[in-house]
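Reader: I am new to this structure and would like to learn how to read it, one feature at a time. Could we look at it together?

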Amino acid sequence: MKEIIAIVRMNKTGATKKALVEAGVAGFTAFKVEGRGKIVTNPTLILERKKELLLMAGEDQTGEAEKLITDFLVGTSLFPRRLFTILAHDDEVSKIVDAIIQANKTCNNVGDGKIFVLPVMDAIRVRTGETGESAV
(Lines give C-alpha, C1' and ligand atoms only; values in the text may rest on other atoms or scores of the structure.)
Protein backbone atom coordinates (compact mmCIF):
# COMPACT_ATOMS: atom_id res chain seq x y z
CA MET A 1 0.00 0.00 0.00
CA LYS A 2 1.19 3.49 -0.84
CA GLU A 3 0.09 7.06 -0.23
CA ILE A 4 0.50 9.34 -3.22
CA ILE A 5 0.72 13.05 -2.43
CA ALA A 6 0.46 15.37 -5.40
CA ILE A 7 0.82 19.14 -5.23
CA VAL A 8 -0.49 20.83 -8.37
CA ARG A 9 -1.47 24.23 -9.74
CA MET A 10 -4.93 25.42 -8.68
CA ASN A 11 -6.04 25.74 -12.30
CA LYS A 12 -5.24 22.03 -12.82
CA THR A 13 -7.58 20.83 -10.05
CA GLY A 14 -10.40 19.81 -12.41
CA ALA A 15 -8.06 18.08 -14.85
CA THR A 16 -6.39 16.21 -11.98
CA LYS A 17 -9.71 15.04 -10.53
CA LYS A 18 -10.81 13.85 -13.97
CA ALA A 19 -7.51 12.04 -14.55
CA LEU A 20 -7.75 10.29 -11.16
CA VAL A 21 -11.30 9.12 -11.85
CA GLU A 22 -10.33 7.92 -15.35
CA ALA A 23 -7.35 6.05 -13.84
CA GLY A 24 -9.80 4.16 -11.62
CA VAL A 25 -8.84 5.75 -8.30
CA ALA A 26 -11.42 4.69 -5.70
CA GLY A 27 -11.15 7.89 -3.69
CA PHE A 28 -8.94 10.83 -2.87
CA THR A 29 -8.80 13.91 -0.70
CA ALA A 30 -7.91 17.42 -1.88
CA PHE A 31 -6.77 20.39 0.20
CA LYS A 32 -6.11 24.02 -0.63
CA VAL A 33 -2.51 24.76 0.36
CA GLU A 34 0.12 27.45 -0.15
CA GLY A 35 3.76 26.94 -0.96
CA ARG A 36 6.56 27.55 -3.36
CA GLY A 37 9.21 25.59 -5.18
CA LYS A 38 12.92 26.00 -5.56
CA ILE A 39 14.11 29.59 -5.92
CA VAL A 40 16.00 30.44 -9.11
CA THR A 41 19.27 32.18 -8.27
CA ASN A 42 20.63 32.94 -11.76
CA PRO A 43 20.16 36.75 -12.24
CA THR A 44 19.99 36.43 -16.03
CA LEU A 45 17.20 33.85 -15.84
CA ILE A 46 15.34 35.96 -13.28
CA LEU A 47 15.47 39.03 -15.52
CA GLU A 48 14.33 37.06 -18.58
CA ARG A 49 11.46 35.45 -16.68
CA LYS A 50 10.44 38.82 -15.19
CA LYS A 51 10.19 40.33 -18.69
CA GLU A 52 8.09 37.38 -19.89
CA LEU A 53 5.74 37.57 -16.91
CA LEU A 54 5.32 41.34 -17.20
CA LEU A 55 4.36 40.93 -20.85
CA MET A 56 1.83 38.27 -19.86
CA ALA A 57 0.41 40.55 -17.15
CA GLY A 58 -0.29 43.32 -19.64
CA GLU A 59 -0.59 47.00 -18.79
CA ASP A 60 -0.62 47.67 -15.05
CA GLN A 61 -1.00 51.26 -13.90
CA THR A 62 -0.65 50.43 -10.20
CA GLY A 63 2.60 48.47 -10.35
CA GLU A 64 0.92 45.63 -8.46
CA ALA A 65 1.74 43.04 -11.14
CA GLU A 66 5.42 43.97 -11.06
CA LYS A 67 5.49 43.66 -7.26
CA LEU A 68 3.81 40.24 -7.38
CA ILE A 69 6.20 39.05 -10.07
CA THR A 70 9.25 40.35 -8.19
CA ASP A 71 8.07 38.74 -4.93
CA PHE A 72 7.56 35.49 -6.81
CA LEU A 73 11.00 35.53 -8.40
CA VAL A 74 12.91 36.42 -5.22
CA GLY A 75 11.05 33.87 -3.13
CA THR A 76 9.05 36.00 -0.71
CA SER A 77 5.59 34.86 -1.88
CA LEU A 78 3.67 31.66 -1.30
CA PHE A 79 1.32 30.51 -4.02
CA PRO A 80 -2.01 28.73 -3.85
CA ARG A 81 -1.83 25.08 -4.81
CA ARG A 82 -4.01 22.00 -4.49
CA LEU A 83 -2.71 18.99 -2.56
CA PHE A 84 -4.21 15.59 -3.40
CA THR A 85 -3.76 12.50 -1.23
CA ILE A 86 -4.52 9.10 -2.68
CA LEU A 87 -4.19 5.65 -1.10
CA ALA A 88 -3.32 3.03 -3.68
CA HIS A 89 -2.42 -0.61 -4.02
CA ASP A 90 1.24 -1.05 -5.00
CA ASP A 91 0.38 -2.28 -8.51
CA GLU A 92 -1.71 0.86 -9.23
CA VAL A 93 0.88 3.48 -8.26
CA SER A 94 2.60 3.94 -11.62
CA LYS A 95 -0.73 4.27 -13.47
CA ILE A 96 -1.93 6.91 -11.00
CA VAL A 97 1.35 8.84 -11.05
CA ASP A 98 1.35 8.83 -14.86
CA ALA A 99 -2.23 10.14 -14.90
CA ILE A 100 -1.30 12.99 -12.54
CA ILE A 101 1.72 13.89 -14.66
CA GLN A 102 -0.28 13.91 -17.90
CA ALA A 103 -2.95 16.15 -16.35
CA ASN A 104 -0.47 18.66 -14.93
CA LYS A 105 2.54 18.89 -17.24
CA THR A 106 2.80 22.23 -19.03
CA CYS A 107 5.39 23.91 -21.21
CA ASN A 108 6.29 26.33 -18.40
CA ASN A 109 9.21 24.16 -17.27
CA VAL A 110 8.70 25.15 -13.61
CA GLY A 111 5.79 25.12 -11.20
CA ASP A 112 3.93 22.10 -12.57
CA GLY A 113 3.97 20.42 -9.17
CA LYS A 114 5.48 17.57 -7.20
CA ILE A 115 4.44 13.99 -6.53
CA PHE A 116 5.55 11.99 -3.50
CA VAL A 117 4.98 8.27 -3.00
CA LEU A 118 5.17 7.00 0.58
CA PRO A 119 4.69 3.57 2.15
CA VAL A 120 1.56 3.06 4.26
CA MET A 121 1.86 0.78 7.27
CA ASP A 122 -1.86 0.10 7.64
CA ALA A 123 -5.32 1.39 6.80
CA ILE A 124 -8.57 0.87 8.68
CA ARG A 125 -12.05 1.33 7.26
CA VAL A 126 -14.03 2.96 10.07
CA ARG A 127 -17.40 1.61 8.96
CA THR A 128 -16.44 -2.09 8.87
CA GLY A 129 -13.19 -2.33 10.78
CA GLU A 130 -11.43 -3.88 7.77
CA THR A 131 -7.67 -3.40 7.80
CA GLY A 132 -4.82 -3.50 5.32
CA GLU A 133 -5.30 -3.76 1.55
CA SER A 134 -9.02 -4.51 1.84
CA ALA A 135 -9.59 -1.15 3.58
CA VAL A 136 -8.24 0.82 0.62
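Reader: What radius of gyration does the protein chain have, and what would a compact globule of 136 residues have?

Author: Please keep in mind that this is a predicted model. The protein chain has a radius of gyration of 19 Å, whereas a compact globule of 136 residues would have one near 14 Å. The extent of the C-alpha trace can be read beside that value: along its principal axes the trace spans about 60 × 25 × 25 Å.

Reader: Which elements make up the protein chain, and in what order do they run from the N terminus on?

Author: The protein chain holds four helices and four strands, and from the N terminus on their order is β-α-β-α-α-β-α-β. As for how distant parts of the sequence meet, among contacts between residues at least 6 apart in sequence, 76% join residues at least 24 apart.

Reader: How should I read the surface, and what percentage of the 136 residues is buried?

Author: Buried residues, those with under 20% relative accessible area, make up 29% of the 136 residues in the protein chain. The accessible surface comes to about 9,200 Å², and 57% of that surface belongs to carbon and sulfur atoms. With regard to charge, the protein chain has 19 positive and 18 negative charges, and their mean positions are 2 Å apart.

Reader: Which residues form the largest nonpolar core?

Author: The general idea comes before the case: in soluble globular proteins, nonpolar side chains tend to be buried together. Here the largest nonpolar core has 12 residues, namely Ile 4, Ala 6, Val 8, Leu 20, Val 25, Phe 84, Ile 86, Ala 88, Val 93, Ile 96, Val 97 and Ile 100. At least two residues of this core are supplied by each of strand E1 (2-9), strand E3 (79-88) and helix H4 (93-104), and the largest share, four residues, comes from H4. To follow one member of the core, take Ile 96, which touches Ile 4, Leu 20, Val 25, Ile 86 and Ala 88 when residues up to four places away in sequence are not counted.

Reader: Is Ala 88 buried or exposed, and which residues is Ala 88 in contact with beyond its neighbours within four places in sequence?

Author: Ala 88, which lies in strand E3, is buried, because its relative accessible area is 0%. Leaving aside those sequence neighbours, Ala 88 is in contact with Met 1, Lys 2, Ile 4, Val 93, Ile 96 and Val 136. A distance along the chain can also be set beside one in space: Ala 88 and Val 120 are 32 residues apart along the chain, and their C-alpha atoms are separated by 9.3 Å.

Reader: Which residues of helix H3 are buried, and what do they pack against?

Author: A general point helps with reading any helix: an α-helix has 3.6 residues a turn, so residues three or four places apart point the same way. In helix H3 (residues 64-74) the buried residues are Ala 65, Ile 69, Asp 71 and Leu 73, and the buried residues of H3 pack against helix H2 (43-57). After H3 comes Gly 75, whose phi is positive, near 90°.

Reader: Where does Arg 9 lie, and why does Arg 81 count as partly exposed?

Author: Arg 9 lies in strand E1 and is buried, with a relative accessible area of 16%, while Arg 81 has its place in strand E3 and counts as partly exposed because its relative accessibility is 21%. The cut-off matters for this reading, since buried means under 20% relative accessible area. Although Arg 9 and Arg 81 are 72 residues apart in sequence, they are 5.0 Å apart in space, C-alpha to C-alpha. Not counting residues up to four places away in sequence, Arg 9 touches several residues, including Arg 81, Thr 106 and Asp 112, and the residues that Arg 81 touches include Val 8, Phe 31 and Gly 111.

Reader: Where is Cys 107 found, and is Cys 107 buried or exposed?

Author: Cys 107 is found in the loop between H4 and strand E4 (114-119), and with a relative accessible area of 71% Cys 107 is exposed. By way of contrast, Thr 85, found in strand E3, is buried, with a relative accessible area of 17%.

Note on methods: Residues numbered from 1 in each chain as written. Predicted model: local features only at pLDDT ≥ 70, side-chain atom pairs only at ≥ 80, totals over all residues. Heavy atoms only, no water. Rg over C-alpha atoms; globule rule 2.2 N^0.38 Å. Buried < 20%, exposed > 50% of the residue type's maximum accessible area, 1.4 Å probe, protein only. Contact = heavy atoms within 4.5 Å. Areas by Shrake-Rupley, 256 points an atom, 1.4 Å probe, with all protein chains shown as cover. Lys, Arg positive; Asp, Glu negative; His and termini not counted. Charge placed at Lys NZ, Arg CZ, Asp CG, Glu CD. Core = buried A, V, L, I, M, F, W, Y, C linked by side-chain atoms within 4.5 Å.
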